[in-house]
Amino acid sequence: MPKSKRNQVVNLTKVSKRQTRESKDKTIEEIRECLEKFRFAYVLKLENQRNNLLKGLRDDLKPGRLFCGRNKVMQVALGVDPESESQDGIHALSAHVSGEVGLLLTDMTAEQVTDILANHEQANFARSGCISTADITLEAGDDALSRFPHSQEPFLRKLGLPTLLVNGKIRLMGDYEVCKTGKALTPEQCQLVKLLGIPMAVFRVSMVAQWSKEDGQCTVFEEEEEGSMEVDDGLSGPPPVEATA
């Protein structure tokens, strides 16, 4: 039978498969092997994470391992109760594995880890859903968009700007409010803010909790408003939360 010459749909994109049971089991095994090897385990809070910045952080944390997989998988690896925990007292750390977090297994002390995390804090461009940190308004005329070539006028208009091409220059036909402080940014606003070269997000990693193999205790850290981490010493407030096996 001759081959059909009808138009056929060819998918040009490749969708990655969901994490398989084998890969989950492998991650659990790797975490438990690292727990045997290293003295400390930390839950780290990840804010505005970017793959390239996270890679640099991983390099500086070596020979320790930073896992950023599914929270449920990391919780299973640690254990969620005294009966299922993989190390004495580590089930208390599992309770803090929620949200955008990573699991660091290392021999570094909390002070050493904090210093490395502070060195990797970096401003970056915001993504959709981030909260605006400034009021940005563009004034009508030719000056506001003078940095852009005339070829970008259709793209700027598509983003919502009232623009017109006049004598090869992009003219803003009226004052335009790009974003307002405290409001969530839309995808179009993020594009505009990035084109204007204004970073509104900060890649930041901070410590949430620490587990020590030596005594099997989990210490919870408190985050100050400035973004630094400190352990409550019990003199200025309630004592740190600790759990023993």
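1. The largest nonpolar core of this predicted model has 23 residues, and within it Ile31, Leu35, Leu93, Leu103 and Leu105 touch the most other members. At least two residues of this core come from each of helix 1 (21-37), strand 1, helix 3 (71-78), helix 4 (91-94), strand 3, strand 9 and strand 10 (218-220). Another core lies apart from it; this one has 21 residues, including Ala144, Leu161, Val193 and Ala201. As background, nonpolar side chains tend to be buried together in soluble globular proteins.

2. Leu105 shows what surrounds one of these core residues. With neighbours within four places in sequence left aside, Leu105 is in contact with Ile31, Cys34, Leu35, Phe38, Phe40, Ala41, Gly64, Arg65 and Phe67. Ile31 and Leu35 are thus contacts of Leu105 and are also listed with Leu105 among the core residues that touch the most other members. Cys34, another contact of Leu105, counts as buried at 8% relative accessibility.

3. Helix 2 (residues 51-61) has four leucines to consider: Leu53, Leu54, Leu57 and Leu61 are its buried residues. They line one face of the helix, because their directions fall within an arc of 100° when helix 2 is seen down its axis. Asn51, Asn52 and Lys55 are exposed and sit on the face turned away from the buried side. The cover over the buried residues of helix 2 includes strand 1 (40-47), strand 2 (65-67), strand 3 (101-106), helix 5 (110-119), strand 4 (122-124) and strand 9 (201-212).

4. The loops on either side of helix 2 each hold a backbone feature to check. Most residues other than glycine have a negative phi, and most peptide bonds are trans. Asn48, in the loop between strand 1 and helix 2, has a positive phi near 50°. This asparagine is partly exposed, with a relative accessible area of 27%. Pro63 lies in the loop between helix 2 and strand 2, and the peptide bond that joins Lys62 to Pro63 is cis, with omega about 10°.

5. Arg204 is a charged residue to look at in strand 9. Is Arg204 buried or exposed? Arg204 is buried, because its relative accessible area of 19% falls under the 20% cut-off. That value should be read with the cut-off in mind. The side chain of Arg204 makes a polar contact with the side chain of Glu121, at 3.4 Å. Beyond four places in sequence, the contacts of Arg204 are Lys45, Leu46, Glu47 and Glu121.

6. Strand 6 (residues 163-166) and strand 7 pair in the antiparallel sense, over 4 bridges. The two strands form a hairpin with 2 residues between them, and Leu165 stands opposite Ile170 of strand 7. Asn167, in the loop between strand 6 and strand 7, has a positive phi near 55°. This residue is exposed, with a relative accessible area of 75%.

7. The side chains of strand 7 (residues 169-172) alternate. Ile170 and Leu172 point to one face and are buried, while Lys169 and Arg171 point to the other and are not buried.

8. Glu153 belongs with the hairpin in any inspection. Glu153 is in helix 6 (residues 153-158) and is buried, with a relative accessible area of 6%. Not counting residues up to four places away in sequence, Glu153 touches Thr163, Leu164, Leu165 and Ile170. Leu165 and Ile170, which stand opposite each other, are therefore both touched by this glutamate, at heavy-atom distances within 4.5 Å. Within helix 6, the side chain of Glu153 makes a polar contact with the side chain of Arg157, at 2.8 Å.

9. How many disulfides does the structure hold? The count is 0. For Cys130, the closest cysteine sulfur is that of Cys190, 6.3 Å away, which is too far for a bond, because a disulfide requires the two sulfur atoms to lie within 2.5 Å. Cys130 counts as buried, at 16% relative accessibility.

Terms used
Residues numbered from 1 in each chain as written. Predicted model: local features only at pLDDT ≥ 70, side-chain atom pairs only at ≥ 80, totals over all residues. Heavy atoms only, no water. Buried < 20%, exposed > 50% of the residue type's maximum accessible area, 1.4 Å probe, protein only. Pairing = 2+ DSSP bridges. Arc of directions from axis to C-beta. Polar contact = N/O pair within 3.5 Å; in protein donor to acceptor, adjacent residues only side chain to side chain. Core = buried A, V, L, I, M, F, W, Y, C linked by side-chain atoms within 4.5 Å.
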